[in-house]
Amino acid sequence: MADIRTLTDVSAAHAFYNAWCADQNPCARGNGGLQPTLGLVPVEQGTVESWFFNAAGDRIALGAYEGDRLVGMIAATVDGVNRHTGYLSYLCVDPAFRGKGIGSRLLGEMTELLESDPRLEQLEVVFRNPVALPWYIPNGGEDYHPCMPGVDKASELFLLLKNHGWREFATQNAYYRRLTGYQPPKGTEAVRDRLAAEGIELTLYDPAHHHGLAELFDDIRNPDWKMHVMAQTHLPIVVAVDTKADGLVVGYTGPLTVTGTPSRGNFHGIGTLNAYRGRGIGKQIFCEMCRRHAEGGADFMSLYTGEENPARLMYEAAGFRIVRSFADMRRVIRRK
């Protein structure tokens with residue numbers, strides 16, 4: 001029987017992580033229906049160390065050993081101050097040792113360890129986890145998304161968690177499209193002309209001529225986006241402004257950045273003032289962002305959004321497709 005103990009060997013953890021992650025088609029299954037690797041992007045040893053080990057004590061890692069061989073690993077992050085949550089960051093078992101209950105034992109021991117922390121109220125697998133695992137887009141070559149927003153609903157881990165008292169509370173769909181030769185959807189130009197006649201202009205944010213960006217985030221009740229975006233107004237931000245209201249910002253998306261190889265077009269949210277919704281402004285802003293990213297050298301874009309979020313219609317209209325579906329999962333800690 002595998003011996004489970006605290007994992008302290010960073011080199012072994014790094015080797016294990018990279019051995020069972022590098023598969024650019026993570027939805028493929030091998031012999032016996034097992035998914036041999038996790039579709040994660042290989043990383044440097046320092047990255048694994050920062051994810052799963054640190055002196056502050058908010059990273060916990062356990063290993064399963066057969067003799068001296070590391071055959072399974074689980075890692076978690078503890079936020080005992082702000083959200084009183086323990087985040088499950090990673091769980092994998094060497095395919096040669098699956099079917100022996102090692103994954104269940106690792107999960108059980110980590111759960112017991114986290115639930116013994118009096119500061120914690122719940123355990124979660126969600127996008128808020130500070131450990132961001134990059135994963136390859138299925139059938140997307142080298143294209144990858146920088147973080148996992150939950151647990152893949154097509155994976156064995158999803159069922160393992162459900163069988164250990166975890167419950168799904170939201171579905172996050174990951175969307176993707178290549179930007180080479182990007183063309184806006186049919187009808188875009190006509191809508192843009194209509195908006196222009198109504199005084200709505202699409203452009204880049206210029207604080208010398210536009211106002212109301214900070215207030216937009218208050219209107220849509222998203223203080224996190226406000227903090228992030230207002231700290232980066234030196235970067236390109238696509239906005240829709242009402243020229244009849246002295247350049248009032250009525251919609252935004254950005255800031256726009258391009259990172260990685262292949263190059264990924266990044267942005268941080270999209271929103272429209274409530275009073276201006278229903279006029280097609282959001283879709284126009286999104287398509288303008290895609291155009292600017294394509295012209296700026298981005299090879300692709302990827303994003304995720306909730307299953308019930310109406311914004312998904314905007315992404316789908318722009319030619320994005322769902323490539324993976326993730327479950328946000330939670331286990332509530334019930335103390336006696």
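Guide: Before we look at helix α1, buried means under 20% relative accessible area, exposed means over 50%, and partly exposed is in between (1.4 Å probe, protein chains only). Helices (H or I, at least four residues) and strands (E, at least two) are DSSP runs, numbered from the N terminus. This is a predicted model: local features need pLDDT of at least 70 and side-chain atom pairs count only at pLDDT 80 or more, while totals for chains, interfaces and linings use all residues. Residues are numbered from 1 along each chain as its sequence is written, and side-chain values use heavy atoms, with hydrogens and water left out.

Visitor: OK, which residues are buried in helix α1 (residues 10-19)?

Guide: An α-helix has 3.6 residues a turn, so residues three or four places apart point the same way. Keep that in mind when you look for the buried residues of α1: Val10, Ala13, His14, Phe16 and Tyr17.

Visitor: How many degrees around the axis do they cover?

Guide: The arc is taken from the directions from the helix axis to the C-beta atoms. The buried residues are on the same side of α1 because they cover an arc of only 165 degrees.

Visitor: What covers the buried residues of α1?

Guide: Covering here goes by contact, meaning heavy atoms within 4.5 Å. The elements that cover these residues include α2 (45-52), β3 (69-79) and β4.

Visitor: At the start of α1, which backbone nitrogen does a side-chain oxygen of aspartate 9 reach?

Guide: A polar contact is a pair of N or O atoms within 3.5 Å; within protein, one must be able to donate a hydrogen and the other to accept it, and residues adjacent in sequence count only if both atoms are side-chain atoms. Aspartate 9 comes to within 3.1 Å with its side-chain oxygen, and the nitrogen belongs to serine 11.

Visitor: Over to the sheet: which residue in β5 stands opposite tyrosine 87?

Guide: Two strands pair if DSSP finds at least two bridges between them. Strands β4 (residues 85-93) and β5 run parallel, with three bridges joining them. Opposite tyrosine 87 in β5 is glutamate 124.

Visitor: And which residue in β17 is the bridge partner of leucine 123?

Guide: On this pairing, β5 and β17 (residues 321-332) are antiparallel, with four bridges. Both faces of β5 (residues 122-125) are covered, with Gln122 and Glu124 buried on one side, Leu123 and Val125 on the other. The β17 partner of leucine 123 is arginine 331.

Visitor: Threonine 85: buried or exposed?

Guide: Threonine 85 is in strand β4, and its side chain reaches the backbone oxygen of arginine 83 at 2.8 Å. It touches Thr77, Val78, Asp79, Leu120, Gln122 and Glu124, leaving aside residues up to four places away in sequence. Threonine 85 has a relative accessibility of 0%, so it counts as buried.

Visitor: Which element gives the most to the largest nonpolar core?

Guide: A nonpolar core is a set of buried Ala, Val, Leu, Ile, Met, Phe, Trp, Tyr and Cys residues joined through side-chain atoms within 4.5 Å. The largest has 40 residues, and Phe286, Tyr315 and Phe320 have the most contacts inside it. Elements giving two or more residues include β10 (200-204), α6 (213-219) and α9 (311-317). With six residues, the top giver is α8.

Visitor: What relative accessible area does alanine 318 have?

Guide: Alanine 318 lies in the loop between α9 and β17. It touches Arg177, Tyr182, Pro185, Phe286 and Cys287, not counting residues up to four places away in sequence. Alanine 318 is buried because its relative accessible area is 3%.

Visitor: What is omega at the cis peptide bond that joins glycine 254 and proline 255?

Guide: Proline 255 is in the loop between β12 and β13 (257-259). For the cis bond from glycine 254 to proline 255, omega is about -5 degrees.

Visitor: Last one: asparagine 139, buried or exposed?

Guide: Asparagine 139 is in the loop between β6 (135-136) and β7 (144-145). Though not a glycine, asparagine 139 has a positive phi of about 60 degrees. Its relative accessibility is 63%, so asparagine 139 counts as exposed.
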